[in-house]
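Q: Please take a close look at the ligand site of this model, residue by residue. Then follow the chain outward from there and describe the backbone features that stand out.

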Amino acid sequence: MDHDTIFAIASGAGRAAITVLRLSGPATRVIVESIAGKLPAPRSAALATFRDPATGDAIDKGLVTFFPAPKSFTGEDYAEFFCHGGRAVVAAMVKALGGSGARPAEPGEFTRRALINGKMDLAEVEGLADLIDAETEWQRRAALRQSDGVLGRQAAIWRGALLEASALLAAEIDFPEEEDVPGASGRRVCEILTPVLAGLKAELATARAGERLREGVTIVIAGPPNAGKSTLVNALAHRDVAIVTPFAGTTRDIIELHFDLGGCPVTLIDTAGLRESTDAAEQIGILRAREKAQAADLVLWLSEARDPVPSGVTGGEVWPVFTKSDLVPEGKKQSLCQDLCISAETGENIDVLIKRMEDFARDAVGGGHTGLIARERHRKSFEAAASALARILDNPEAPAELLAEDLRAAMFSLQRLTGVVDVEDILGEIFSRFCIGK
Ligand SMILES: Nc1nc2c(ncn2[C@@H]2O[C@H](COP(=O)(O)OP(=O)(O)OP(=O)(O)O)[C@@H](O)[C@H]2O)c(=O)[nH]1
Ligand SMILES: [Mg+2]
(Lines give C-alpha, C1' and ligand atoms only; values in the text may rest on other atoms or scores of the structure.)
(Ligands and ions follow the chains in the order given, each with its own letter.)
Protein backbone atom coordinates (compact mmCIF):
# COMPACT_ATOMS: atom_id res chain seq x y z
CA MET A 1 0.00 0.00 0.00
CA ASP A 2 2.89 2.35 0.76
CA HIS A 3 4.17 1.81 -2.77
CA ASP A 4 1.05 3.26 -4.33
CA THR A 5 1.16 6.74 -5.74
CA ILE A 6 -1.47 8.79 -3.94
CA PHE A 7 -3.17 12.10 -4.63
CA ALA A 8 -5.58 14.41 -2.84
CA ILE A 9 -6.99 17.91 -2.85
CA ALA A 10 -4.86 19.66 -0.24
CA SER A 11 -6.72 22.97 -0.04
CA GLY A 12 -10.15 23.59 1.48
CA ALA A 13 -13.36 22.25 0.04
CA GLY A 14 -15.65 24.24 -2.26
CA ARG A 15 -15.26 26.86 -4.95
CA ALA A 16 -12.06 28.90 -4.63
CA ALA A 17 -9.63 30.99 -6.68
CA ILE A 18 -6.95 28.32 -6.51
CA THR A 19 -7.00 24.69 -5.48
CA VAL A 20 -3.90 22.69 -4.62
CA LEU A 21 -3.67 19.01 -5.49
CA ARG A 22 -0.79 16.96 -4.14
CA LEU A 23 0.72 13.77 -5.45
CA SER A 24 3.26 11.45 -3.84
CA GLY A 25 4.83 8.11 -4.67
CA PRO A 26 6.97 6.32 -7.23
CA ALA A 27 4.82 7.19 -10.28
CA THR A 28 4.87 10.93 -9.52
CA ARG A 29 7.34 11.87 -12.29
CA VAL A 30 5.47 9.95 -14.98
CA ILE A 31 2.11 11.34 -13.90
CA VAL A 32 3.36 14.95 -13.78
CA GLU A 33 4.83 14.56 -17.29
CA SER A 34 1.63 13.06 -18.63
CA ILE A 35 -0.59 15.80 -17.21
CA ALA A 36 1.67 18.89 -17.38
CA GLY A 37 3.63 17.79 -20.45
CA LYS A 38 6.93 18.26 -18.63
CA LEU A 39 8.68 17.73 -15.32
CA PRO A 40 9.57 21.07 -13.67
CA ALA A 41 13.08 21.61 -12.31
CA PRO A 42 13.25 20.28 -8.74
CA ARG A 43 11.75 22.61 -6.14
CA SER A 44 10.76 25.35 -8.56
CA ALA A 45 7.37 26.19 -10.02
CA ALA A 46 6.62 25.87 -13.73
CA LEU A 47 3.66 27.22 -15.66
CA ALA A 48 1.99 24.48 -17.68
CA THR A 49 -1.19 23.50 -19.45
CA PHE A 50 -2.74 20.58 -17.60
CA ARG A 51 -4.24 17.96 -19.91
CA ASP A 52 -6.25 14.80 -19.38
CA PRO A 53 -3.77 12.12 -20.53
CA ALA A 54 -6.65 9.93 -21.73
CA THR A 55 -7.95 12.44 -24.27
CA GLY A 56 -5.25 15.09 -24.58
CA ASP A 57 -7.90 17.75 -23.82
CA ALA A 58 -6.70 20.85 -21.97
CA ILE A 59 -8.20 21.09 -18.45
CA ASP A 60 -6.64 24.29 -17.12
CA LYS A 61 -3.44 26.30 -17.07
CA GLY A 62 -1.57 26.49 -13.77
CA LEU A 63 1.57 25.96 -11.76
CA VAL A 64 3.20 22.66 -10.97
CA THR A 65 6.07 21.92 -8.59
CA PHE A 66 8.16 18.77 -8.22
CA PHE A 67 10.19 17.65 -5.20
CA PRO A 68 12.33 14.59 -5.88
CA ALA A 69 12.84 12.05 -3.06
CA PRO A 70 14.08 12.24 -0.39
CA LYS A 71 13.89 16.04 -0.06
CA SER A 72 10.13 16.33 0.04
CA PHE A 73 7.35 16.48 2.63
CA THR A 74 6.71 12.75 2.36
CA GLY A 75 10.29 11.74 1.61
CA GLU A 76 9.06 10.31 -1.70
CA ASP A 77 8.86 11.84 -5.17
CA TYR A 78 6.24 14.50 -4.62
CA ALA A 79 4.41 17.10 -6.73
CA GLU A 80 1.79 19.81 -6.34
CA PHE A 81 -0.58 21.15 -8.97
CA PHE A 82 -2.07 24.63 -8.50
CA CYS A 83 -5.15 24.88 -10.66
CA HIS A 84 -8.18 27.18 -10.62
CA GLY A 85 -10.57 26.24 -7.90
CA GLY A 86 -13.78 25.82 -9.90
CA ARG A 87 -15.67 22.62 -9.24
CA ALA A 88 -15.45 21.39 -12.85
CA VAL A 89 -11.71 22.16 -13.08
CA VAL A 90 -10.99 20.30 -9.86
CA ALA A 91 -13.22 17.38 -10.88
CA ALA A 92 -11.37 17.10 -14.23
CA MET A 93 -7.97 17.21 -12.48
CA VAL A 94 -9.07 14.50 -10.03
CA LYS A 95 -10.24 12.39 -12.97
CA ALA A 96 -6.94 12.92 -14.80
CA LEU A 97 -4.88 11.97 -11.73
CA GLY A 98 -7.05 8.92 -11.00
CA GLY A 99 -6.79 7.83 -14.63
CA SER A 100 -2.98 8.08 -14.56
CA GLY A 101 -2.44 5.35 -12.00
CA ALA A 102 -2.60 7.31 -8.74
CA ARG A 103 -5.25 6.55 -6.15
CA PRO A 104 -7.04 8.91 -3.76
CA ALA A 105 -5.18 9.21 -0.44
CA GLU A 106 -6.61 8.11 2.90
CA PRO A 107 -6.96 10.77 5.63
CA GLY A 108 -3.49 11.71 6.88
CA GLU A 109 -1.74 9.41 4.41
CA PHE A 110 0.77 12.02 3.22
CA THR A 111 1.83 12.71 6.81
CA ARG A 112 1.91 9.00 7.59
CA ARG A 113 4.42 8.56 4.78
CA ALA A 114 6.46 11.49 6.12
CA LEU A 115 6.57 9.71 9.48
CA ILE A 116 7.47 6.31 8.02
CA ASN A 117 10.20 7.89 5.92
CA GLY A 118 11.68 9.63 8.94
CA LYS A 119 10.79 13.18 7.84
CA MET A 120 8.86 13.79 11.07
CA ASP A 121 8.58 12.12 14.45
CA LEU A 122 5.31 11.25 16.14
CA ALA A 123 5.23 14.34 18.34
CA GLU A 124 5.77 16.54 15.28
CA VAL A 125 2.90 14.78 13.53
CA GLU A 126 0.69 15.50 16.55
CA GLY A 127 1.85 19.12 16.48
CA LEU A 128 0.94 19.35 12.81
CA ALA A 129 -2.53 17.93 13.51
CA ASP A 130 -2.93 20.52 16.28
CA LEU A 131 -1.72 23.31 14.01
CA ILE A 132 -4.40 22.46 11.47
CA ASP A 133 -7.00 22.33 14.26
CA ALA A 134 -5.71 25.44 16.07
CA GLU A 135 -8.51 27.94 16.61
CA THR A 136 -6.80 30.55 18.74
CA GLU A 137 -3.51 32.39 18.56
CA TRP A 138 -2.03 30.65 21.61
CA GLN A 139 -3.04 27.23 20.34
CA ARG A 140 -1.38 28.05 17.04
CA ARG A 141 1.87 29.05 18.72
CA ALA A 142 1.99 25.95 20.91
CA ALA A 143 1.19 23.66 17.97
CA LEU A 144 3.84 25.30 15.82
CA ARG A 145 6.45 24.63 18.50
CA GLN A 146 5.38 20.99 18.71
CA SER A 147 5.34 20.53 14.97
CA ASP A 148 8.85 21.98 14.90
CA GLY A 149 10.11 19.06 16.98
CA VAL A 150 10.72 20.71 20.36
CA LEU A 151 9.60 17.61 22.25
CA GLY A 152 11.72 15.24 20.17
CA ARG A 153 14.84 17.36 20.67
CA GLN A 154 14.47 17.44 24.45
CA ALA A 155 13.63 13.72 24.60
CA ALA A 156 16.78 12.98 22.59
CA ILE A 157 18.91 14.93 25.09
CA TRP A 158 17.39 13.00 28.01
CA ARG A 159 17.75 9.70 26.18
CA GLY A 160 21.45 10.49 25.65
CA ALA A 161 21.88 10.93 29.40
CA LEU A 162 20.01 7.70 30.09
CA LEU A 163 22.20 5.84 27.59
CA GLU A 164 25.32 7.11 29.36
CA ALA A 165 23.96 5.89 32.69
CA SER A 166 23.01 2.58 31.20
CA ALA A 167 26.54 2.09 29.80
CA LEU A 168 27.93 2.65 33.30
CA LEU A 169 25.55 0.07 34.74
CA ALA A 170 26.32 -2.40 31.95
CA ALA A 171 30.05 -2.12 32.73
CA GLU A 172 29.34 -2.79 36.39
CA ILE A 173 27.20 -5.82 35.56
CA ASP A 174 29.75 -7.27 33.12
CA PHE A 175 32.95 -6.46 35.03
CA PRO A 176 31.98 -6.03 38.68
CA GLU A 177 35.53 -6.75 39.92
CA GLU A 178 37.07 -3.97 37.81
CA GLU A 179 35.44 -1.17 39.70
CA ASP A 180 38.11 1.00 41.34
CA VAL A 181 35.97 2.43 44.10
CA PRO A 182 32.92 0.41 45.15
CA GLY A 183 29.70 2.34 44.56
CA ALA A 184 31.36 4.92 42.31
CA SER A 185 29.33 4.05 39.24
CA GLY A 186 26.12 4.14 41.29
CA ARG A 187 26.95 7.67 42.40
CA ARG A 188 27.78 8.73 38.85
CA VAL A 189 24.49 7.23 37.64
CA CYS A 190 22.66 9.34 40.24
CA GLU A 191 24.52 12.46 39.11
CA ILE A 192 23.44 11.85 35.54
CA LEU A 193 19.83 10.99 36.32
CA THR A 194 19.05 13.68 38.91
CA PRO A 195 18.79 16.58 36.41
CA VAL A 196 16.80 14.41 34.00
CA LEU A 197 14.23 13.64 36.70
CA ALA A 198 14.11 17.33 37.66
CA GLY A 199 13.48 18.24 34.01
CA LEU A 200 10.70 15.68 33.67
CA LYS A 201 9.07 16.91 36.89
CA ALA A 202 9.26 20.54 35.78
CA GLU A 203 7.46 19.64 32.56
CA LEU A 204 4.86 17.59 34.44
CA ALA A 205 4.15 20.64 36.59
CA THR A 206 2.93 22.53 33.50
CA ALA A 207 1.27 19.53 31.86
CA ARG A 208 -2.28 20.47 32.81
CA ALA A 209 -1.83 23.94 31.28
CA GLY A 210 -0.56 22.43 28.05
CA GLU A 211 -3.42 19.97 27.81
CA ARG A 212 -5.94 22.72 28.62
CA LEU A 213 -4.52 24.95 25.92
CA ARG A 214 -5.03 22.17 23.41
CA GLU A 215 -8.47 21.13 24.61
CA GLY A 216 -9.86 24.46 25.78
CA VAL A 217 -10.68 25.80 29.25
CA THR A 218 -14.14 24.66 30.30
CA ILE A 219 -16.43 27.20 31.93
CA VAL A 220 -19.86 25.91 32.97
CA ILE A 221 -22.79 28.19 33.66
CA ALA A 222 -24.90 26.58 36.34
CA GLY A 223 -27.44 27.61 38.91
CA PRO A 224 -31.11 27.40 39.79
CA PRO A 225 -33.74 27.50 37.02
CA ASN A 226 -34.68 30.87 35.57
CA ALA A 227 -31.55 32.54 36.91
CA GLY A 228 -30.75 33.93 33.46
CA LYS A 229 -28.09 31.39 32.45
CA SER A 230 -29.17 31.02 28.84
CA THR A 231 -29.69 34.78 28.53
CA LEU A 232 -26.07 35.32 29.60
CA VAL A 233 -24.83 32.71 27.12
CA ASN A 234 -26.72 34.45 24.32
CA ALA A 235 -25.32 37.82 25.39
CA LEU A 236 -21.77 36.47 25.37
CA ALA A 237 -22.29 34.77 22.01
CA HIS A 238 -24.06 37.82 20.50
CA ARG A 239 -26.66 35.49 19.05
CA ASP A 240 -29.58 33.34 20.16
CA VAL A 241 -27.92 29.98 20.70
CA ALA A 242 -30.04 28.95 23.68
CA ILE A 243 -33.81 29.17 24.11
CA VAL A 244 -34.90 31.68 26.74
CA THR A 245 -38.38 31.76 28.27
CA PRO A 246 -39.81 33.21 31.48
CA PHE A 247 -40.52 29.65 32.65
CA ALA A 248 -38.25 27.68 34.93
CA GLY A 249 -36.82 24.51 33.41
CA THR A 250 -36.37 25.80 29.85
CA THR A 251 -32.90 24.44 29.13
CA ARG A 252 -32.51 20.67 29.21
CA ASP A 253 -29.72 19.84 26.81
CA ILE A 254 -26.11 20.86 27.27
CA ILE A 255 -25.22 23.75 24.95
CA GLU A 256 -21.53 24.19 24.17
CA LEU A 257 -19.95 27.26 22.60
CA HIS A 258 -16.35 27.81 21.66
CA PHE A 259 -14.79 31.21 22.30
CA ASP A 260 -11.45 32.80 21.75
CA LEU A 261 -10.82 34.84 24.90
CA GLY A 262 -7.66 36.85 24.28
CA GLY A 263 -6.00 33.94 22.49
CA CYS A 264 -7.18 31.28 24.96
CA PRO A 265 -9.64 28.66 23.78
CA VAL A 266 -12.67 28.57 26.06
CA THR A 267 -15.62 26.19 25.95
CA LEU A 268 -18.66 27.80 27.56
CA ILE A 269 -21.42 25.42 28.58
CA ASP A 270 -25.03 26.33 29.31
CA THR A 271 -26.83 23.80 31.47
CA ALA A 272 -30.27 22.93 32.82
CA GLY A 273 -31.23 24.77 35.99
CA LEU A 274 -30.62 22.62 39.06
CA ARG A 275 -33.71 21.72 41.05
CA GLU A 276 -35.79 18.73 42.15
CA SER A 277 -37.84 17.74 39.14
CA THR A 278 -40.25 14.96 38.24
CA ASP A 279 -40.02 15.58 34.50
CA ALA A 280 -37.96 12.76 32.92
CA ALA A 281 -36.24 14.92 30.28
CA GLU A 282 -35.45 17.64 32.78
CA GLN A 283 -34.03 15.07 35.22
CA ILE A 284 -31.60 13.86 32.55
CA GLY A 285 -30.69 17.48 31.78
CA ILE A 286 -30.00 18.15 35.47
CA LEU A 287 -27.85 15.03 35.72
CA ARG A 288 -25.81 16.16 32.73
CA ALA A 289 -25.53 19.64 34.18
CA ARG A 290 -24.10 18.23 37.40
CA GLU A 291 -21.60 16.08 35.48
CA LYS A 292 -20.42 19.02 33.37
CA ALA A 293 -20.06 21.22 36.45
CA GLN A 294 -18.04 18.52 38.21
CA ALA A 295 -15.56 18.33 35.35
CA ALA A 296 -15.36 22.11 34.74
CA ASP A 297 -12.31 24.28 35.26
CA LEU A 298 -14.63 27.06 36.40
CA VAL A 299 -18.31 27.21 37.30
CA LEU A 300 -20.23 30.48 37.15
CA TRP A 301 -23.00 29.95 39.69
CA LEU A 302 -25.77 32.25 38.54
CA SER A 303 -28.61 33.15 40.85
CA GLU A 304 -31.14 35.88 41.06
CA ALA A 305 -31.64 35.49 44.77
CA ARG A 306 -28.46 35.77 46.78
CA ASP A 307 -28.50 32.16 47.89
CA PRO A 308 -25.12 30.76 48.78
CA VAL A 309 -23.53 28.38 46.29
CA PRO A 310 -24.31 24.81 47.35
CA SER A 311 -21.23 22.79 48.18
CA GLY A 312 -19.81 20.07 45.95
CA VAL A 313 -20.84 21.73 42.69
CA THR A 314 -17.47 21.23 41.06
CA GLY A 315 -13.96 19.96 41.50
CA GLY A 316 -12.71 23.29 40.13
CA GLU A 317 -13.39 26.91 41.00
CA VAL A 318 -16.87 28.42 41.56
CA TRP A 319 -17.77 32.08 41.21
CA PRO A 320 -21.14 33.28 42.49
CA VAL A 321 -22.73 35.67 39.97
CA PHE A 322 -25.85 37.63 40.87
CA THR A 323 -28.11 38.14 37.87
CA LYS A 324 -30.83 40.58 36.76
CA SER A 325 -29.27 43.50 38.59
CA ASP A 326 -31.57 45.79 36.60
CA LEU A 327 -34.47 44.52 38.71
CA VAL A 328 -32.77 45.51 41.97
CA PRO A 329 -33.93 48.92 43.20
CA GLU A 330 -31.06 51.46 43.18
CA GLY A 331 -31.24 51.90 46.93
CA LYS A 332 -30.72 48.18 47.60
CA LYS A 333 -27.84 47.64 45.17
CA GLN A 334 -25.26 48.64 47.72
CA SER A 335 -26.26 45.91 50.17
CA LEU A 336 -27.18 43.21 47.66
CA CYS A 337 -24.44 43.50 45.08
CA GLN A 338 -21.16 43.11 46.91
CA ASP A 339 -19.69 40.70 44.42
CA LEU A 340 -20.36 40.32 40.73
CA CYS A 341 -23.82 41.59 39.77
CA ILE A 342 -24.70 41.42 36.13
CA SER A 343 -27.61 42.27 33.94
CA ALA A 344 -27.91 40.70 30.53
CA GLU A 345 -30.74 43.17 29.96
CA THR A 346 -28.69 46.37 30.39
CA GLY A 347 -25.24 44.83 29.89
CA GLU A 348 -24.15 45.96 33.37
CA ASN A 349 -20.86 44.31 34.39
CA ILE A 350 -20.88 41.87 31.47
CA ASP A 351 -17.54 43.38 30.40
CA VAL A 352 -16.19 42.86 33.92
CA LEU A 353 -17.29 39.24 33.86
CA ILE A 354 -15.67 38.68 30.45
CA LYS A 355 -12.43 40.25 31.67
CA ARG A 356 -12.39 38.02 34.76
CA MET A 357 -13.08 34.94 32.65
CA GLU A 358 -10.27 35.94 30.32
CA ASP A 359 -7.84 36.32 33.22
CA PHE A 360 -8.93 32.96 34.59
CA ALA A 361 -8.46 31.26 31.21
CA ARG A 362 -5.05 32.83 30.75
CA ASP A 363 -3.91 31.51 34.13
CA ALA A 364 -5.40 28.10 33.41
CA VAL A 365 -3.29 27.70 30.28
CA GLY A 366 -0.16 28.91 32.02
CA GLY A 367 -0.13 32.30 30.32
CA GLY A 368 0.39 30.60 26.98
CA HIS A 369 3.95 29.70 27.99
CA THR A 370 3.27 26.02 28.02
CA GLY A 371 5.95 23.40 28.19
CA LEU A 372 6.51 20.27 26.18
CA ILE A 373 3.43 18.33 27.22
CA ALA A 374 0.40 18.99 25.04
CA ARG A 375 -1.69 15.87 25.46
CA GLU A 376 -2.45 12.98 27.76
CA ARG A 377 -0.23 10.63 25.76
CA HIS A 378 2.79 12.86 26.43
CA ARG A 379 1.92 13.20 30.11
CA LYS A 380 1.63 9.43 30.58
CA SER A 381 5.06 8.89 29.02
CA PHE A 382 6.62 11.62 31.16
CA GLU A 383 5.00 10.16 34.29
CA ALA A 384 6.22 6.65 33.48
CA ALA A 385 9.77 7.86 32.81
CA ALA A 386 9.79 10.01 35.95
CA SER A 387 8.61 7.22 38.23
CA ALA A 388 11.18 4.78 36.82
CA LEU A 389 13.98 7.31 37.42
CA ALA A 390 12.62 8.11 40.89
CA ARG A 391 12.85 4.39 41.76
CA ILE A 392 16.53 4.39 40.80
CA LEU A 393 17.37 7.58 42.69
CA ASP A 394 15.45 6.42 45.78
CA ASN A 395 17.52 3.27 45.99
CA PRO A 396 20.82 3.67 44.15
CA GLU A 397 22.43 0.89 46.19
CA ALA A 398 20.12 -1.70 44.60
CA PRO A 399 21.76 -4.36 42.41
CA ALA A 400 22.89 -2.95 39.06
CA GLU A 401 20.59 -5.38 37.21
CA LEU A 402 17.53 -3.88 38.89
CA LEU A 403 18.68 -0.32 38.24
CA ALA A 404 19.30 -1.21 34.60
CA GLU A 405 15.77 -2.55 34.32
CA ASP A 406 14.25 0.73 35.55
CA LEU A 407 16.55 2.64 33.25
CA ARG A 408 15.30 0.62 30.30
CA ALA A 409 11.71 1.36 31.32
CA ALA A 410 12.47 5.11 31.45
CA MET A 411 14.17 5.00 28.08
CA PHE A 412 11.27 3.12 26.56
CA SER A 413 8.82 5.76 27.82
CA LEU A 414 10.88 8.56 26.28
CA GLN A 415 11.13 6.69 23.00
CA ARG A 416 7.38 6.25 22.86
CA LEU A 417 7.00 10.03 22.86
CA THR A 418 8.54 10.40 19.44
CA GLY A 419 7.31 7.06 18.20
CA VAL A 420 10.69 5.40 17.87
CA VAL A 421 9.04 2.27 19.28
CA ASP A 422 5.52 1.00 19.46
CA VAL A 423 4.08 3.51 16.99
CA GLU A 424 1.51 1.39 15.21
CA ASP A 425 -1.05 1.53 18.06
CA ILE A 426 -0.91 5.27 18.18
CA LEU A 427 -0.81 5.89 14.43
CA GLY A 428 -4.35 4.79 13.68
CA GLU A 429 -5.68 7.06 16.42
CA ILE A 430 -3.84 10.13 15.19
CA PHE A 431 -4.30 9.72 11.47
CA SER A 432 -7.99 9.00 11.68
CA ARG A 433 -8.37 12.60 12.84
CA PHE A 434 -6.40 14.11 9.96
CA CYS A 435 -8.20 15.52 6.98
CA ILE A 436 -7.75 13.92 3.59
CA GLY A 437 -4.92 15.62 1.77
CA LYS A 438 -2.73 16.05 4.86
N1 LIG B 1 -34.83 41.83 33.74
C2 LIG B 1 -34.00 40.86 33.39
N3 LIG B 1 -34.48 39.68 33.01
C4 LIG B 1 -33.63 38.71 32.68
C5 LIG B 1 -32.23 38.91 32.71
N6 LIG B 1 -31.62 37.76 32.34
C7 LIG B 1 -32.62 36.88 32.06
N8 LIG B 1 -33.83 37.44 32.27
C9 LIG B 1 -35.13 36.79 32.10
O10 LIG B 1 -35.24 35.69 32.97
C11 LIG B 1 -36.00 34.65 32.37
C12 LIG B 1 -35.21 33.35 32.41
O13 LIG B 1 -34.05 33.48 31.61
P14 LIG B 1 -33.25 32.23 31.07
O15 LIG B 1 -32.03 32.78 30.43
O16 LIG B 1 -34.12 31.35 30.25
O17 LIG B 1 -32.89 31.52 32.45
P18 LIG B 1 -32.15 30.13 32.65
O19 LIG B 1 -31.32 30.26 33.86
O20 LIG B 1 -31.46 29.72 31.41
O21 LIG B 1 -33.38 29.18 32.95
P22 LIG B 1 -33.47 27.58 32.80
O23 LIG B 1 -32.95 27.22 31.45
O24 LIG B 1 -34.93 27.32 32.94
O25 LIG B 1 -32.69 26.99 33.90
C26 LIG B 1 -36.30 35.12 30.96
O27 LIG B 1 -37.60 35.63 30.93
C28 LIG B 1 -35.29 36.22 30.71
O29 LIG B 1 -35.73 37.19 29.80
C30 LIG B 1 -31.75 40.20 33.13
O31 LIG B 1 -30.56 40.47 33.20
N32 LIG B 1 -32.67 41.12 33.46
MG1 LIG C 1 -31.62 28.10 30.24
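A: The ligand site comes first below, followed by the loops beside it and then other parts of the chain.

This is a predicted model, in which local features need pLDDT of at least 70 and side-chain atom pairs count only at pLDDT 80 or more, while totals for chains, interfaces and linings use all residues. Residues are numbered from 1 along each chain as its sequence is written, chains are lettered from A and ligands numbered from 1 in the order in which they are written, and side-chain values use heavy atoms, with hydrogens and water left out.

The magnesium ion is ligand 2, and its coordinating atoms are OG of Ser230 and OG1 of Thr251, at 2.0 Å. Ser230 belongs to helix H9 (residues 229-237) and Thr251 to the loop between H9 and strand E8 (255-261), so the pair ties together parts that are 21 residues apart in sequence. Donors here are N, O and S atoms within 2.8 Å of the metal (3.2 Å for Na, K and Ca); water is not among the atoms, so sites may look incomplete. Helices (H or I, at least four residues) and strands (E, at least two) are DSSP runs numbered from the N terminus. Both coordinating residues are buried: serine 230 has 8% relative accessibility and threonine 251 has 11%. Buried means under 20% relative accessible area, exposed over 50%, and partly exposed in between (1.4 Å probe, protein chains only).

Ligand 1 has 22 residues around it, and the ones that come nearest are Lys229, Thr231, Gly249, Thr250 and Asp326. A residue counts as near a molecule or strand if one of its heavy atoms lies within 4 Å of it. By class, this shell has eight nonpolar, ten polar and four charged residues. In that scheme Ala, Val, Leu, Ile, Met, Phe, Trp, Tyr, Cys and Pro are nonpolar, Asp, Glu, Lys and Arg are charged, and the others, Gly among them, are polar.

Oxygen atoms of ligand 1 take part in several polar contacts. One pair joins such an oxygen to an N or O atom in the side chain of threonine 231, at 2.4 Å. A polar backbone atom of threonine 250 is 2.7 Å from an oxygen of the ligand, and a polar side-chain atom of serine 343 is 3.5 Å from one. Taken alone, ligand 1 exposes 650 Å², of which the protein buries 89%. A polar contact is a pair of N or O atoms within 3.5 Å; within protein, one must be able to donate a hydrogen and the other to accept it, and residues adjacent in sequence count only if both atoms are side-chain atoms. Accessible areas come from the Shrake-Rupley method with a 1.4 Å probe, and for residues only the protein chains shown count as cover.

Two of the residues named above link the site to other loops. The C-alpha atoms of aspartate 326 and serine 343 are separated by 5.9 Å, with their positions 17 residues apart along the chain. Aspartate 326 sits in the loop between E11 and H11 and is partly exposed at 32% relative accessibility. Lysine 324 is in the loop between strand E11 (317-322) and helix H11 (330-336). Lysine 324 has a positive phi of about 55° although it is not a glycine, and at 25% its relative accessible area is partly exposed.

The loop between strand E12 (340-341) and helix H12 (350-364) holds glutamate 345, which is exposed at 68% relative accessibility. Asparagine 349 is in the loop between E12 and H12 too; it is not a glycine, yet its phi is positive, about 65°. Most residues other than glycine have a negative phi, and most peptide bonds are trans.

A cis peptide bond, with omega near 0°, runs from alanine 69 to proline 70. Proline 70 lies in the loop between strand E4 (58-67) and strand E5 (78-85).

Helix H3 (residues 109-116) has six of its eight residues buried, so it is largely enclosed by the rest of the structure. Those six are Glu109, Phe110, Thr111, Arg113, Ala114 and Leu115. Just after H3, glycine 118 has a positive phi of about 75°.
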